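Work through the exercises below with the sequence and the model open beside you. Try each task before you read its solution.

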Amino acid sequence: MMESMPVNWEALDSLVVDFANCERLFFLDDSSSPPTSPPISPSSSSSPSSTPIPSSSSSSSSYRSRLLIRQIRRSIEAGDVDAAIHQLRLHVPTVLDDRRILFWLQKQKFIELLRRGTERDRDLAIECLRVALAPCALDAYPEAYEEFKHLLLALIFNKEDQNSPVAHEWSERRRFDLAGLLSSILRAHLHAYDPIFSMTLRYLISIHKVFCCRQGVSSPISDLTERLLLEDRDPSATPQESLYEAPPFDEVDIQALAHAVELTRQGAIDSLRFAKGDLYQAFQNELCRMKLDLSILDKLVHEYCVYRGIIDGVSNSPPGDCSSNIECTSSKLSDGETSVNNADAEGFPDSYADVISIGESRFASEVINNHENCSISDVNNQETCYRRLRRSRNYSTGHRRRKRWRGRVEELEYSPRSSALGIPKPEVMGWPPRGSEDTIQEELDCKNLSFSETLKNVEDHKYEIILEMRELACKGMAAKVVEEINAIDPDFFIQNPNLLFQLKQVEFLALVQSGDLAESLKVACTHLGPLASQNQDLLKPLKETLLCLLKPSEDAFTKGTPWPILATSLQVAMGKKFGIEEPQLMRIVRATLHTHNEWFKFQMCKDRFEQFLKIDQLKDIDTPMSSNPAAKALLDDAANGSQITICSSSKMQEDGGSPQASSGENVCDENAILKVMEFLALPRADAIHLLMQYNGNADTVIQQIFS
């Protein structure tokens, strides 16, 4: 049930593309298609309704700032404090005006010099004490001088002595704590927040984990979420003393922040102080403290982009890019581009067509002799399929190109220490653009492929058919979709009758809307009627569909399933037929959106941050599915491994948002709820349940608890 959730995959496409653009995971060149959407990072906003769309320059600046933070973080984690200080002085000198930060860095530098163990480094450590650390300890913060005197014990206690009074200072864990704390401070200072997609993923997964733990249910995606979102968090950035006397914050904001990111009430207050009262900046600060495994996230994004046709497949994917537990679909996909036109190829090398032609004839012979089945049906259908594969590849040369995967390439400046040690600056690693000469050479090399390699290339191109069919469906070309799929596999719609009904239904409605009643009745008699006679659940939607004949001037398409849903359902069904699994990211988003819905039903309130994180867009399914049995049947058919399923336990709101407060909240005053939450440190749902037991009287609840 947890994976039964309708999702707006076009909205997810936009978020994923924005994430990849912000992280420079795509190649940027003139031949690549333009971004499908502008960057939508919510940084520096104060409310979700006024979230600005940063310009490309601000997005680029944020990217460089994130790279700088990662470089400083890695320097400290490696014990190279000098390199971190150099980068801070070079790029963000104002941060070092905070004497606390300078003191923490000098303390760690002193320990790292001692850790090296040489006489020279010991002398440098003592010099660091005299010149930098002692003066800084005088005015960093009240406890700094006591910490400085305690640190002197490191001169006489060995780092291997686990029982020494300075064992904590010697611990390498201190490196990571300081690196995380400094990252939190720099992120807020530079407004270098992660792309909105990664923050949304952190938020949804964290709620998913809390919900599963609270309800005592097992998570169907725990194998992914445990590795993707780590338990460890960066230390929280503490406000300076000047902010300790900040004006009191709204209790609604305090409780919203505390429960959204699992903070204590005091932790939420400190976070708001550090953000100078800006709730949404505090929320971003806390989300970015959660650690994502970027290598796994990149693999999930790459797999999703290949599956959705956003990027090229096999040729531009790095080798070994899939972990053992993530079955990346990209290894099954091709490097061609999708197209939806039937024109002949222009200017494409003949060698590729020759290879496919050789593959067709040799493979047909192989199938006859060995009874193998590379495609879906018999040999004749295979030949039809291969003609389409060749045509699909040829269409793409004159039409839209996909983006090309570059991967995570961090072009960082090396520290003076690294240069002094003779460490060369590495070349930027990425997959080079596929120029025309490379493409031609690849086509010429195809002539020397073995038979099995030729067949693999042909097999890879099956996915091009799926993407082409999805694009045809998105364009509303239902009749063309049915014709093409029947030519490839006559059994496909026999095994997917609900999908055929939906396609023929929208074809019928299109004909009605265009005024061609005779042709629309022909479609109804030939397809809709026989399908409904074989499936009683389709009789009601058939009747409702036929009513459109009486009102042809009205918007007939309100009766049908929206094209994006149909297109995605078609892609899933064809993918299953071809043996192509859906991406793991789809599983994660579907399951976490479901638990997000259930969690806020349990909390009896609306999520204040769902619009800010675009969660409402992911839930926004503009469809009459709830009243359309045919659409429900289609969704049920796709329940096992598909994107388009519906949750029986939680009905989506019309605006795609979280569930509104239930009747229990209407009994209780909001101030009473907040009062019980504050005094008893209870979750919202528990506070409401207690208030309902005592007629909504907060004072009575508190007295009963403490009596």
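**Exercise 1.** What percentage of the 707 residues of the chain count as buried?

*Solution.* This is a predicted model, in which local features need pLDDT of at least 70 and side-chain atom pairs count only at pLDDT 80 or more, while totals for chains, interfaces and linings use all residues. Residues are numbered from 1 along each chain as its sequence is written, and side-chain values use heavy atoms, with hydrogens and water left out. Begin with the cut-offs: a residue is buried under 20% relative accessible area, exposed over 50% and partly exposed in between, with a 1.4 Å probe and protein chains only. By this rule, 54% of the 707 residues count as buried.

**Exercise 2.** Where does Pro235 lie, and is Pro235 buried, partly exposed or exposed?

*Solution.* Helices (H or I, at least four residues) and strands (E, at least two) are DSSP runs, numbered from the N terminus. Pro235 is found in the loop that runs between strand E1 (229–233) and helix H11 (251–260). Next, take its relative accessibility: because the value is 26%, Pro235 counts as partly exposed.

Then turn to its surroundings, where contact means heavy atoms within 4.5 Å. Apart from neighbours within four places in sequence, Pro235 touches Asp177, Gly180, Leu181, Ser184 and Arg289. Finally, compare sequence with space: Leu182 is 53 residues from Pro235 along the chain, yet their C-alpha atoms are 8.7 Å apart.

**Exercise 3.** Which residues line the largest cavity, and which helix gives the largest share of its lining?

*Solution.* Rolling a probe the size of a water molecule over the atoms shows where empty space is left. A cavity is a set of points, on a 1 Å grid over the protein atoms alone, where a 1.4 Å probe fits but cannot get out, and lining residues have an atom within 4 Å of a point. The largest cavity has a volume of about 40 Å³, the volume being the space filled by probe spheres set on the points, which are joined across faces, edges and corners.

Its lining consists of Arg173, Phe176, Asp177, Asp232, Arg233, Asp234, Pro235 and Lys291. Helix H8 (173–190) and E1 each supply at least two of these residues, and the largest share, three residues, comes from H8. As a last step, consider the domains, whose bounds come from an automatic or database domain assignment: domain 1 (79–190) and domain 2 (196–308) each give at least three residues to this lining.

Terms used
1 Å grid on protein atoms, 1.4 Å probe; cavity = no way out; pocket = protein on both sides within 12 Å on 5 of 7 lines; lining within 4 Å.
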